[in-house]
Amino acid sequence: MLSSLVELAELAALRTSPQRAVELLGLIPASALEAMRRARLRRTLRVAAESSTFYRDQFRKRGIDVRRIEHPSQLGDFYTTGEDLRSYGPDAFRVRPADTAFETTGTTSPVPKRVFFTRREIADMGRLSAIWLHVLGLRPADRVLSAFDCSFWVSPYVLRAGLDMLGCFHVEAGKIDPGEFYDRAKPYHATVIFGEPSWMIRFSEIARTKGTWPLKFLFAGGENISESARREVEEVWGAPLYLNYGQTESFGALGAECRLKNGYHRNDLYFFFEVKDPDAEGYGEAVYTTLSERAMPLIRYRSSDLTTLDDSPCGCGISMGRIAKIRSRCDEMVVCGMGNVGPWVFDEVLRGVSGIGDDWQVVIQHAGSRDRVELHVEAEDPLRQATIEHSIHANLRDRFADFWRNRDLQLYELRILFHRVGSLRGDARKLRRLIDERNMRQAVSV
Ligand SMILES: [Zn+2]
């Protein structure tokens, strides 16, 4: 009863203006929201068990009676993986007719995952996006230009649905060369720009040379960005760069940053989040269960992203808990003599080191019985190599005592190699950050 009243309040909030929606949603007490989430979880489980061949077979095989499940953790070691989506295909997950689909490729397989949706889901997610963009300051008078990739990718469609609700001017450029975008975007006097982080970095480099115009903010999604790269983009424009966290499988935003940019406020209305196998710090793989009515519900879907859930209050005043900044993809973690390392470790080791470019690459090799960790960096001035090396060692010692100790113990050898600025990436859109050459494992990218 309580949860259906909250559903009505939520529905009313989402149908009104973004400004009013923020106020109304803030009035729903946490306990009532939780009751609604539990009721939605039961609905997702029931519908999946009845109508999805994948879930029906899995639950039967494992002897799971979904009528007894109150929390996803009661499903034990049952999870849904990207590989399940690939191997069983979308029809095994579908519980109602779909009228659109999107695709995503991961870092472990060239075979895309196909995910089916309904237009109603696009509209619902668009409403939430509109509310969030309003919180970040987007208003009907703003002029939006987007360079999101429109090929099989969900983000431009969710953005479009959100902007339709906000009613602001919008031009979709598609993901074109940042130089061409710069020339063609300028006459529209865009106040807000959307794109992928690596594209945003190149676009901002061009703007640094050719000149900027006043922007309210930039908004990026689709991949991670280092804090140093974010700062550079923000310095160029004198405007904040906000990040969104989502996956095509989740259909848009699992969470998004507020103006404090300290983690992603979770979309707890539409998802039930868990962290699988957390370490001592609470970091593990983010897992989510869909709570909204979907063509393809997902139960305990493994995101492959290493993060933690943060329920401490945020200074922005928004009560929704957060997903911490993603440390890395779980499939990018490498176990070597240095320890369990992912790209975020080296981002952190290089943070604040002056005289180096933003790109770097790590190659892990066998060196006799030990591992050799080669850290390739780009230096502007070859004469400063000794100073740079010294700073990297100091950061490693101060920020990762365990990894430093393993070096003292000669569990691995750390080599720092210097390259010309711009030479590591070449023409590649995504730079391969971590390459494990010891077992000829497939290289992974950030
Ligand atoms: Zn916040």
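**Figure 1. Confidence of the predicted chain.** The protein chain of this predicted model averages a pLDDT (the predictor's confidence in each residue, from 0 to 100) of 88, and 94% of the residues score at least 70. Over residues 440-446 pLDDT stays under 50; for this stretch the model has 26 contacts (heavy atoms within 4.5 Å) beyond four places in sequence. Residues are numbered from 1 along each chain as its sequence is written. In this predicted model, local features need pLDDT of at least 70, side-chain atom pairs count only at pLDDT 80 or more, and totals for chains, interfaces and linings use all residues, while side-chain values use heavy atoms, leaving out hydrogens and water.

**Figure 2. The open sheet.** Here 9 strands (DSSP runs of E, at least two residues, numbered from the N terminus) form an open sheet in the order 4-3-5-6-7-8-9-14-13, with mixed pairing. Two strands pair if DSSP finds at least two bridges between them. Strand 4 (169-172) and strand 13 (309-310) are the edge strands, as each pairs on one side only.

**Figure 3. Strands 9 and 14.** Strand 9 (residues 264-266) pairs with strand 14 (residues 322-323) in the antiparallel sense over 2 bridges. Histidine 265 stands opposite arginine 322 in strand 14.

**Figure 4. Helix 13.** In this helix (a DSSP run of H or I, at least four residues), residues 401-408, the buried residues (under 20% relative accessible area, 1.4 Å probe, protein chains only) are Phe403, Trp404 and Asn406. They lie on the same side of helix 13 because they cover an arc (of the directions from the helix axis to the C-beta atoms) of only 160 degrees around the axis. Glutamine 410, whose phi is positive, near 60 degrees, follows helix 13.

Key:
Buried < 20%, exposed > 50% of the residue type's maximum accessible area, 1.4 Å probe, protein only.
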